[in-house]
Amino acid sequence: MPRTPSEYAVFLLLDSGHREEVRFSTFPDFQKWYTSVLTPKHDSNEFINVPIKNIQGEYLVVRPAKIAGIRVEPVFNSSIER
């Protein structure tokens, strides 16, 4: 029986060498944000909002032109360190 991820960790790899991690509940949630917010402004130097799951009062803004890569990793409840 295949396991179902409980969420997805998305790593934004910036051209400065930094890496930022954000979480999405489902893969379609990530795809919706990617296609509606990031892709239309992929070469822009204007800031866009990146949703941060479960962190009240904290925001991440990034310049889309500075994103060098994106890594998406499924996170399973059984793989979370306790």
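Does glutamate 7 count as buried or exposed, and at what relative accessibility? At 12% relative accessibility, glutamate 7 counts as buried. The legends below describe close-up views of a predicted model.

**Figure 1. Overview of the fold in the predicted model.** The secondary structure of the protein comprises one helix and five strands. Read from the N terminus, these elements follow the order β-β-α-β-β-β. The C-alpha trace spans about 45 × 25 × 25 Å along its principal axes. Of the 82 residues in the protein, 27% are buried. Among contacts between residues at least 6 apart in sequence, 48% join residues at least 24 apart.

**Figure 2. The open sheet of three strands.** The strands of this sheet are arranged in the order 2-1-5, and their pairing is antiparallel. Strand 2 (19–24) and strand 5 (67–75) are the edge strands, each pairing on one side only. From one strand to the next, the twist averages 20 degrees. Helix 1 (residues 27–38) packs on the sheet and touches strand 1, strand 2 and strand 5. The direction of helix 1 makes about 165 degrees with that of strand 5.

**Figure 3. The pairing of strand 1 with strand 2.** Strand 1 covers residues 7–14 and pairs with strand 2 in the antiparallel sense over six bridges. Which residue of strand 2 is the bridge partner of alanine 9? The partner is arginine 23, a residue that also appears in the next view.

**Figure 4. The salt bridges around arginine 23.** The structure holds three salt bridges. One of them joins arginine 23 to glutamate 7, with the closest N and O atoms 2.7 Å apart. Since arginine 23 lies in strand 2 and glutamate 7 in strand 1, the pair ties together parts that are 16 residues apart in sequence. Arginine 23 also meets glutamate 21 in a salt bridge, at 2.8 Å from N to O. Glu7, Glu21 and Arg23 are thus linked in a network of salt bridges. The members of this network vary in exposure: glutamate 7 counts as buried at 12% relative accessibility, arginine 23 is partly exposed with a relative accessible area of 29%, and glutamate 21 is partly exposed with a relative accessible area of 39%.

**Figure 5. The salt bridge between glutamate 73 and arginine 71.** The side chains of these two residues meet at 2.5 Å, from N to O. Glutamate 73 is partly exposed, with a relative accessible area of 29%. Arginine 71 is likewise partly exposed, and its relative accessible area is 41%.

**Figure 6. The largest nonpolar core and tryptophan 33.** In soluble globular proteins, nonpolar side chains tend to be buried together. Which residues touch the most other members of the largest nonpolar core? Among its 13 residues, they are Trp33 and Val50. At least two residues of this core come from each of strand 1, strand 2, helix 1, strand 3 (48–50) and strand 4 (60–62). Leaving out residues up to four places away in sequence, tryptophan 33 touches Phe24, Leu38, Ile48, Asn49, Val50 and Pro51.

**Figure 7. The surroundings of leucine 38.** Leucine 38 lies in helix 1. This residue is buried, with a relative accessible area of 6%; the cut-off for a buried residue is under 20%. Apart from neighbours within four places in sequence, leucine 38 is in contact with Trp33, Ile48, Pro64, Ile67 and Ile70. The C-alpha atom of leucine 38 is separated by 20 Å from that of proline 74, which is 36 residues away along the chain.

**Figure 8. Serine 44 in its loop.** Where is serine 44 placed? Serine 44 belongs to the loop between helix 1 and strand 3. At 15% relative accessibility, this serine counts as buried. The side chain of serine 44 reaches the backbone nitrogen of glutamate 46 at 3.0 Å. When residues up to four places away in sequence are not counted, serine 44 touches Arg63, Pro64 and Ala65.

Technical notes. Residues numbered from 1 in each chain as written. Predicted model: local features only at pLDDT ≥ 70, side-chain atom pairs only at ≥ 80, totals over all residues. Heavy atoms only, no water. Pairing = 2+ DSSP bridges. Helix = DSSP H or I, 4+ residues; strand = E, 2+ residues; numbered from the N terminus. Axes fitted to C-alpha atoms, helices over the stretch in contact; angles between N-to-C directions. Contact = heavy atoms within 4.5 Å. Salt bridge = Lys/Arg side-chain N within 4 Å of Asp/Glu carboxyl O. Buried < 20%, exposed > 50% of the residue type's maximum accessible area, 1.4 Å probe, protein only. Core = buried A, V, L, I, M, F, W, Y, C linked by side-chain atoms within 4.5 Å. Polar contact = N/O pair within 3.5 Å; in protein donor to acceptor, adjacent residues only side chain to side chain.
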